[in-house]
Every structure is written in structure tokens, then in C-alpha cells.
Amino acid sequence: MQSLELYEHKILSDPEFPVQLHVNDIGRKGEYFSLHWHEHIELHYVLAGRTILRLNQREITASEGNLVIVNSNELHSGYCDGSHMEVMVMIFDMGDLSKELADKNVIFRSVVDGDRDIDAIMAAIYQEYREQKIGYRLVCKGEMLRLIAHLVREYAAEILTDRESERRKKQLERLNTVIDYIQCNYTRQIGNWELAGIIHLSEDRFNHLFKESMGMAPLQYINEVRIKKAMNLLKRKDRTVAEIADSVGFTDYNHFGRQFRRYYGFPPSDVLKK
């Protein structure tokens, strides 16, 4: 069974350019990367169109020219509303580029808009990435260093202590245990008290922690897991909608239809017809 563990382990092995750089070019409605976290910083710069990013409990709609910053140990996912979008993504460990800044545990502002210096840097990185002439990694690294220095000077929201930084990480690691449990048991009814017991919290404390970190209540997250599983089963076209709704844990067929349509924008029966 595929794991839905939130933690994503990243290895950036190129010492010359220790940055994972790619462009998401998407026009289909739906989630284009699922909820996860890691110790790296992740930048999303919108080249065209708009994207919807969920950062912890916040939902951010970013359009052309916006830079969205995902800080270390921050839950995040991406969603396309169906219109064409092109987003350049850069993922890096601050320690690989600046040990001085890595030691400070800087937390950046989530959204930056209308900064001409950033626009110019991003344009240069994008051009080098597209053309990939000899030495392009060296140029990109230089531009990344310029970008980081600019972000630290202009958009640092706070600086965490080592203790605060470790607390954020531990909190997410505890949620991994809950997410794995949901993955293994989503087909049956799961109570909040049951999930709270897994990580030895009171139900009230667990509900607060889950919503604070995930941006939604536990039941809403469980239903999202069920709906995604249902979509995979619907694509096989070997069972009815009612049979699939029951198999993923929905006891009310009409409730399943409403939840599915709210998430994907069309009824589950459309998947069988296509």
C-alpha cells in the first residue's frame, strides 16, 4: 500500500549547484503535488497564470510575478484551478549556500509581490535554465546567492531559536504517525479520539494541533484521502460509483458525491463516462 507520509526526504547531490530547479507547466484542474514537508526551503515563482498553494493553515492564490516562499519544516501542497499555469520551483538547503544564514534559522514572509529585483533575478535564472549553455549552473548559483541575500535583508519575518526550530520539526514528525494510520485505516470509520491516542494527546489538544498544522479538521483530511482513492478506483471502470464509495469508507452515497464534486469540480459519474 502506498504511504501518504508527509515527510519528503530530499538529496541534492550537485555541489556546484545544490538546488533542485524545475518548471511546473500545468493546465489540468486538481492537486499537482500533495501535502508534505521537508527541511529545505522551497520557492515558487509564477511565470504565467496562477497557482493555489496551501501553506500550513493558509491558502494562497499566487499570480504572475508573485514569489511564494515555503519555509523549512512547513506543510505545503499545490493546486491548479484548471487555467494554464507555469511556475518555476527552486528547492535548496540554506546550509549548502550560506552556513551563516542557516545558523540563524530565518523565517521568510510567505508571499512577495511587485519586487523588480526579484523579477530580474528570476528572469535570469529562467533564461539560463531554458538555454543551459556551458556554465549555466554557475550563473544560476550566483543569482540564487543574490536572491537569498535580498530576501534576508527585505523579507525576513522572524528568526527562530534552535529550540523553536526543533519544536516545529518534532510536531510534524508526530503527525507522520497519524497520517500513516489514516492511510492504513481510511476504509473504516475513524474517530478523533482514536487518532489522538496514537500520539498520546487529549482529543482537544490533538484537534488543535492537527488543524494548526494541516489547515483542516481531521475528518476533512480523511475524506480527502478517501476521495483521492476513489478517483483511482473510478479510472479502472470496473465497479459502480456506489460500490467504490462504500469501499473507500463513505457510508452515505450522496455525501460522497457532494464531497467528490467539491474537490474535483465534477461528479464521480463523469469519470466512468470518459
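Which residue in strand 8 stands opposite Ala 48? Glu 86 does, and the first view below starts from that pair. One thing to keep in mind throughout is that this is a predicted model.

**View 1. Strand 3 pairs with strand 8 in the antiparallel sense.** Here we look at strand 3, residues 41-48, alongside strand 8, residues 85-92. The two are joined over 7 bridges, and Ala 48 faces Glu 86 across the pairing. Zoom out a little and both strands turn up in an open sheet of 5 strands, ordered 1-8-3-6-10 with antiparallel pairing. Strand 1 (19-26) and strand 10 (111-112) are the edges, each pairing on one side only.

**View 2. Helix 3 and helix 4 both sit on that sheet.** Helix 3 lies across strands 1, 3, 6, 8 and 10, with strand 6 covering 67-70. Its direction is at about 90 degrees to strand 8. Helix 4 packs on the sheet too, touching strand 1, strand 3, strand 6, strand 8 and strand 10. Helix 4 also makes about 90 degrees with the direction of strand 8.

**View 3. Helix 3 packs against helix 4.** Now for the helices themselves: helix 3 spans residues 116-131 and helix 4 spans residues 136-155. Their axes are 9 Å apart and the packing angle is about 160 degrees. An angle over 145 degrees counts as roughly antiparallel, so helix 3 is roughly antiparallel to helix 4. The crossing of the two is left-handed. On the helix 3 side, the contact residues include Ile 118, Ile 121, Met 122 and Ile 125, along with Asp 117 and Glu 128. Among their counterparts in helix 4 are Val 139, Cys 140, Met 144, Leu 147 and Leu 151, plus Glu 143 and Arg 146. Sorted by class, the contact of helix 3 with helix 4 has 12 nonpolar, 1 polar and 4 charged residues.

**View 4. Strand 4 has partners in strand 5 and strand 7.** Strand 4 (residues 50-55) is mostly covered, with 5 of its 6 residues buried. It runs antiparallel to strand 5 (residues 58-63), and 6 bridges join them. Look for Leu 53, whose bridge partner in strand 5 is Ile 60. The hairpin of strand 4 and strand 5 has 2 residues between the strands, and Asn 56 there takes a positive phi near 50 degrees. Strand 7 (residues 76-80) is also antiparallel to strand 4, this time over 4 bridges. In that pairing, Arg 54 has Ser 77 as its bridge partner.

**View 5. Helix 8 meets helix 10.** Residues 218-236 make up helix 8, and residues 253-264 make up helix 10. Their axes are 10 Å apart and the angle is about 90 degrees, so helix 8 and helix 10 are roughly perpendicular to each other. Ile 227, Ala 230, Met 231 and Leu 234 are among the helix 8 residues in the contact, and helix 10 brings residues including Phe 256, Phe 260, Tyr 263 and Tyr 264. By class, the contact of helix 8 with helix 10 has 8 nonpolar, 3 polar and 2 charged residues.

**View 6. Leu 195 is a buried residue in helix 6.** Helix 6 covers residues 192-198. Leu 195 counts as buried because its relative accessible area is 0%. Its contacts, leaving out residues up to four places away in sequence, are Val 178, Tyr 181, Ile 182, Ile 190, Phe 206, Pro 218 and Ile 222. For a distance check, the C-alpha atoms of Leu 195 and Ile 179 are separated by 9.3 Å, with the two residues 16 residues apart along the chain.

How values were computed. Residues are numbered from 1 along each chain as its sequence is written. This is a predicted model: local features need pLDDT of at least 70, side-chain atom pairs count only at pLDDT 80 or more; totals for chains, interfaces and linings use all residues. Side-chain values use heavy atoms; hydrogens and water are left out. Axes are lines fitted to C-alpha atoms, for helices over the stretch in contact, and angles run from 0 to 180 degrees between N-to-C directions. Angles under 35 degrees count as roughly parallel, over 145 as roughly antiparallel, 65 to 115 as roughly perpendicular and the rest as oblique. A crossing is left-handed if the near helix is turned anticlockwise from the far one by less than a right angle, and right-handed if clockwise. Contact means heavy atoms within 4.5 Å. Ala, Val, Leu, Ile, Met, Phe, Trp, Tyr, Cys and Pro count as nonpolar, Asp, Glu, Lys and Arg as charged, and the others, Gly among them, as polar. Buried means under 20% relative accessible area, exposed over 50%, partly exposed in between (1.4 Å probe, protein chains only). Two strands pair if DSSP finds at least two bridges between them.
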